[in-house]
Amino acid sequence: MNETMKILILNGPNLNLLGLREPAIYGTQNYAALEAFCKDACREAGFDCEVFQSNHEGAIVDKIQQVKTDRSDRPEEDVKITKVTILD
């Protein structure tokens with residue numbers, strides 16, 4: 001049986017302030033719009049996704065470990081982690 005691929009999108013500190021914090025630099029769309037965009041893009045590509053945001057690094061680490069634990073029945077290569085950081 002083929003499972004639909006599920007993507008976890010982790011967003012870190014301050015992304016909850018999108019649209020409020022320096023809109024001239026980061027734009028006026030809020031975090032809810034970013035979350036909706038991610039979910040729509042995943043759905044269109046045929047993936048399930050979960051979007052998670054925290055201002056606390058420990059909560060992000062906990063989420064990663066939860067996903068790895070929840071998928072413990074799967075080979076390690078099924079759990080991929082990619083980090084993208086944009087610095088200006």
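Is Glu50 buried, exposed or partly exposed? Select Glu50 in this predicted model and colour the residue by accessibility: with a relative accessibility of 27%, Glu50 counts as partly exposed.

Keep Glu50 on screen and add Lys63, because the two residues form a salt bridge in which the closest N and O atoms are 2.6 Å apart. This pair links distant parts of the chain, with Lys63 in helix 3 (residues 57–70) and Glu50 in strand 2 (residues 48–53), 13 residues apart. Lys63 is buried, its relative accessible area being 11%, whereas Glu50 is partly exposed. Now add Lys6 to the selection, and you will have the network of salt bridges that links Lys6, Glu50 and Lys63.

Next, move to helix 2 (residues 31–45) and select Lys39 together with Glu35, which lie 4 residues apart in that helix and are therefore separated by about one helical turn. A salt bridge joins Lys39 to Glu35, with 3.3 Å between the closest N and O atoms. Both partners are partly exposed, Lys39 having a relative accessible area of 33% and Glu35 one of 23%.

Stay in helix 2 for the last stop and select Arg43 and Asp40, which are 3 residues apart, about one turn of the helix. Their side chains meet in a salt bridge at 2.8 Å, N to O. Here Arg43 is exposed, with a relative accessible area of 56%, while Asp40 is partly exposed at 34% relative accessibility.

To close the tour, display the salt bridges together: the structure holds 4 of them, including Lys39 with Glu35, Arg43 with Asp40 and Lys63 with Glu50.

Note on methods. Residues are numbered from 1 along each chain as its sequence is written. This is a predicted model: local features need pLDDT of at least 70, side-chain atom pairs count only at pLDDT 80 or more; totals for chains, interfaces and linings use all residues. Side-chain values use heavy atoms; hydrogens and water are left out. Helices (H or I, at least four residues) and strands (E, at least two) are DSSP runs, numbered from the N terminus. Buried means under 20% relative accessible area, exposed over 50%, partly exposed in between (1.4 Å probe, protein chains only).
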